Amino acid sequence: MRALITGITGFVGSHLAEYLLSQGLEVDGTYRWRSRMDNIDSIKHKIGLIECDLRDPFSTYSAIKRSEPDYIFHLAAQSFVRASFDHPAGTIDSNVHGTINVLEGVRHAEINPVIQVACSSEEYGFVTPQEVPIKETNPLRPLSPYAVSKVAEEMLAYQYHKSYGLKTIITRTFNHEGPRRGDVFVTSNFAKQVAEIEKGKRSPIIQVGNLNAQRDYTDVRDVVRAYYLAVQKCDYAEAYNICSGRPWVIRDMLNYLVSKSHKKDIRVEVDQSRMRPSDVEILHGDYSKFHQKTGWKPEIPFEKTLDDTLDYWRARIV
Ligand code: GDD
């Protein structure tokens, strides 16, 4: 069996590639000419790398035709919520047109792979305390251009299944973290700042945004296991939550990281540029629908995810 991963050089893409290789699959992946390759350094000789700009229909079609995969994991996206407020059109362009080009590419290649479209818990957006834990039936009330782009991706996955019979799988994944996580995202950003303070590269002040939000965290290594099960066992055009069901207040996550440092007297300072025009305050999911279909449950405690992320940055800040 062959898998094609869009965005293989990214955080999730690189973990997924490693996992699929360990399961005996052949793995191809798309990258852009300016993609950094360090995440896939240890596996690049074992995978097929295809240069591709997903915003270009022909480039996307050619990548799919060249790979002729049994599974497509469509992960590539502009995935930073904060940036989507500054670049709404670019976010919609990358995410929505990118997804259309993947789906059209499959149609024109005349193949019928199972296609996972990586959607997001951000789609739930404004959630009331009475609505948690959030089920897939909850209304979608997106609060950022990024979230709107993911609602559109999901609707495209639905529509292409109904219109053309494409075998689309919709995963609504809650926050997932771990080593290699981009340093703009909160867990990785705070862990990097702690590591920089330890190495004397920064004064003992951590810059933060909204510490009151709650996020339902899962380790990326549990998430990629979920994605492989999803393409094998889930129903097409149905949405599935992937999460741990264990929300953390961002402040508690920060306190945990600080408590793991030998540096004392670390202070916190709010950086207004890290605030969002509207933030999702509570994400606390219910993954029972996905569990019933696949038997999946998360195995890695979030404390280990944070420990590993901190060690990842300690090894890189010299
Ligand atoms: N990035 C960041 N930086 N976020 C901060 C900071 C900071 O300094 N301080 C507080 N936060 C808060 C944000 O306001 C938000 O409430 C929360 O921490 C998490 O922010 P992110 O780590 O940037 O993730 P996200 O929840 O916005 O989005 C992530 O999860 C989604 C799934 O729910 C991304 O990975 C999305 O691509 C993904 O779809």
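**Salt bridges in the predicted model**

Aspartate 222 is buried, with a relative accessible area of 2%. In this predicted model, the side chain of aspartate 222 meets that of arginine 225 in a salt bridge, with an N to O distance of 2.9 Å. Both residues belong to helix α7 (residues 220–233), where 3 residues, about one turn of the helix, separate them. Arginine 225 has a relative accessible area of 18% and is likewise classed as buried, because the cut-off for that class is under 20%. Elsewhere, Glu122, Arg215, Arg276 and Asp279 are joined into one network by salt bridges that share partners.

A second pair within a helix is formed by arginine 107 and glutamate 104, whose closest N and O atoms are 3.1 Å apart. Helix α4 (residues 88–109) contains both residues, again 3 residues apart, or about one turn of the helix. Arginine 107 is partly exposed, at a relative accessible area of 30%.

The salt bridge between arginine 141 and glutamate 131 brings the closest N and O atoms to 2.7 Å. This pair links distant parts of the chain: both arginine 141 and glutamate 131 are in the loop between β5 (114–120) and α5 (145–164), 10 residues apart. With a relative accessible area of 28%, arginine 141 is partly exposed, whereas glutamate 131 is buried at 16%.

Over the whole structure, the search finds 30 salt bridges, including those of aspartate 222 with arginine 225, arginine 107 with glutamate 104, and arginine 141 with glutamate 131.

Notes. Residues are numbered from 1 along each chain as its sequence is written. This is a predicted model: local features need pLDDT of at least 70, side-chain atom pairs count only at pLDDT 80 or more; totals for chains, interfaces and linings use all residues. Side-chain values use heavy atoms; hydrogens and water are left out. A salt bridge is a side-chain nitrogen of Lys or Arg within 4 Å of a carboxyl oxygen of Asp or Glu. Helices (H or I, at least four residues) and strands (E, at least two) are DSSP runs, numbered from the N terminus. Buried means under 20% relative accessible area, exposed over 50%, partly exposed in between (1.4 Å probe, protein chains only).
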